Amino acid sequence: MRLTALLRPFFVRKARHTLDAASDLERAQRRQLDYLLSRGKHTMFGWARRMERMSGYADFADGVAVTPYEELRPYVMRMIGGESDVLWPGVTKRFAQSSGTSDGKSKFIPVTDDSLRLNHYRGGMEAVAHYLNHEPASRLFDGRAFILGGSFANELDLADSSVKVGDLSAHLIDRINPLVNRLRVPSRETALMADWTEKLPRLVEEAAGADITNISGVPSWFLTVLQRVMASRGVESIHDVWRNLEVFFHGGIAFGPYRELYREITDSSRMHYLENYNASEGFFAVQTEPDAPGMTLLPDAGVFYELLPTEDGSSSPIPVWEAELGKTYSLIITAPNGLWRYPIGDVVRVVRLSPLTVTIAGRTKSFINAFGEEVMVHNTDAALEAACRATGCRVLNYTAAPVFTTDTDKGYHQWLIEFDRQPDDLNAFAVLLDKELQKQNSDYQAKRSGDIFLSNLRIVVARRGLFDRWLASTGKLGGQRKVPRLANDRHLIEPMLELNKQ
């Protein structure tokens with residue numbers, strides 16, 4: 001019997017259990033909060049907030065304030081220094097280094113044994129479970145998984161060699177069950193390499209000769225790897241290398257702008273795509289139905305969720321069971337890694353209530369509102385996808401920022417775009433993209449009306465590989481790292497433009 005056929009019933013039961021739990025979201029979430037409070041009361045953070053007296057959501061919301069990373073940083077640094085029972089019971093030896101905060105420093109997210117067991121590995125299992133639930137003919141486990149990961153490179157001078165700091169994916173690979181390594185590539189040694197100029201050829205060499213059935217990673221970076229694999233074999237379809245490839249588990253950035261690029265290098269009749277919502281802080285949601293938009297929040301995977309409305313100026317979060325259809329919210333989590341009422345930095349839109357299903361609308365700090373236009377990433381992604389579809393051009397990466405009004409010129413949005421296939425007329429493409437953005441965002445449309453307040457957006461063409469070079473210059477090339485799409489000032493785009501001139 002094939003391994004997939006043997007294991008599929010277990011995963012199908014897992015998927016259906018999750019959907020059952022999601023049908024009674026409030027009950028599942030209250031149980032998660034009870035568990036988290038039972039552990040938190042044994043910590044320094046919990047003692048200060050008298051968690052031992054808390055019994056339920058009302059007490060929790062009254063007694064624990066929303067806590068951004070800047071306020072958690074002193075606790076985390078004490079954990080890195082070896083103190084126990086700080087944000088989570090026991091001593092924590094693993095920390096995921098993530099992108100910077102408002103103070104410009106990197107974040108170090110605790111990776112506890114409980115967060116790995118209850119959440120991170122559970123999330124990966126859920127993604128596979130829901131895929132197999134919909135694909136009875138799958139042969140997922142009869143070949144290898146190709147999973148891109150990062151390394152333990154970090155910016156700390158660690159005195160304790162037993163403490164490990166690096167990409168979350170490096171921790172997941174380092175701690176993974178040895179039996180699972182028999183079903184994945186690359187090798188552990190290659191997966192944890194820090195230098196991507198050396199790592200990429202190794203990835204290609206190891207993957208090209210394997211029977212790959214599934215791939216997992218960020219669409220933009222994985223596209224580079226797949227193109228290298230195809231070039232190494234002199235083919236134009238990845239299925240000419242991996243005959244049994246059937247699914248891409250992707251996340252991190254919107255897949256829409258890359259959809260056509262993947263269609264061109266795959267056999268669409270046998271390729272599936274499922275989106276995951278995972279981050280250094282936790283694994284939050286999976287796409288439970290391949291053809292339906294959005295991802296279902298995992299209700300019983302160790303995380304308690306709250307939502308802060310973005311549309312009415314509210315400063316009070318609500319529990320997820322009070323979510324309203326069609327509204328957008330900033331996501332706040334409490335998790336078994338010691339993050340208590342922590343704003344994850346993402347804005348989500350509720351697209352279904354039962355089970356609670358969301359799409360990622362952008363980042364709380366990734367937007368342009370320099371002129372009152374309130375443009376978010378889901379607006380720019382959709383506009384770019386529509387403009388590319390209409391013109392036949394293809395985009396590899398982009399970022400955008402405002403150019404501010406002066407005494408002589410109106411302001412406008414400046415886009416830096418790396419094309420895989422450039423439009424024949426760049427100016428006409430900019431006009432079309434601007435019109436599509438107006439369709440996506442009424443505030444932008446109002447500001448563009450009559451060219452009175454805001455001029456048509458303008459495009460700078462990025463040299464091939466610019467964004468990879470920029471990521472490398474910041475020490476963030478590869479793995480799960482990604483280019484920030486939008487910024488409300490020019491601190492990101494200016495160094496990219498300077499690099500583009502070189």
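Which residue in β19 is the bridge partner of P402? The answer, H413, is taken up in point 2.

1. A word on the basis of this note: this is a predicted model, in which local features need pLDDT of at least 70 and side-chain atom pairs count only at pLDDT 80 or more, while totals for chains, interfaces and linings use all residues. Residues are numbered from 1 along each chain as its sequence is written, and side-chain values use heavy atoms, with hydrogens and water left out.

2. One open sheet is formed by 3 strands in the order β18-β19-β20, with mixed pairing; strands here are DSSP runs of E with at least two residues, and helices are runs of H or I with at least four, numbered from the N terminus. Two strands count as paired if DSSP finds at least two bridges between them. The edge strands, each pairing on one side only, are β18 (394-403) and β20 (458-461). Strand β19 (residues 412-421) runs antiparallel to β18 and is joined to β18 by 9 bridges, and among the residues in these strands P402 has H413 in β19 as its bridge partner.

3. Across β18 and β19 lies helix α12 (residues 377-391), which runs at about 130 degrees to β18. Such angles run from 0 to 180 degrees between N-to-C directions, the axes being lines fitted to C-alpha atoms, for helices over the stretch in contact, where contact means heavy atoms within 4.5 Å.

4. Another open sheet of 3 strands has the order β2-β1-β4, again with mixed pairing, and its edge strands are β2 (107-110) and β4 (164-166). Strand β1 (residues 94-98) is joined to β2 by 4 bridges in an antiparallel arrangement, and Q97 has F108 in β2 as its bridge partner. Helix α5 (residues 69-80) packs on this sheet, touching β1 and β2, and its direction makes about 65 degrees with that of β2. Helix α7 (residues 168-175), for its part, lies across β1 and β4 at about 150 degrees to β1.

5. Turning to the interior, the largest nonpolar core has 69 residues, of which F60, L87, F284, Y305, I333 and W340 touch the most other members. A nonpolar core is a set of buried Ala, Val, Leu, Ile, Met, Phe, Trp, Tyr and Cys residues joined through side-chain atoms within 4.5 Å, and buried means under 20% relative accessible area with a 1.4 Å probe, protein chains only. Leaving aside neighbours within four places in sequence, the contacts of Y305 include Q29, F283, F284 and P319. A second, separate core of 34 residues includes L148, V185, V204 and F255.

Definitions and conventions
Buried means under 20% relative accessible area, exposed over 50%, partly exposed in between (1.4 Å probe, protein chains only).
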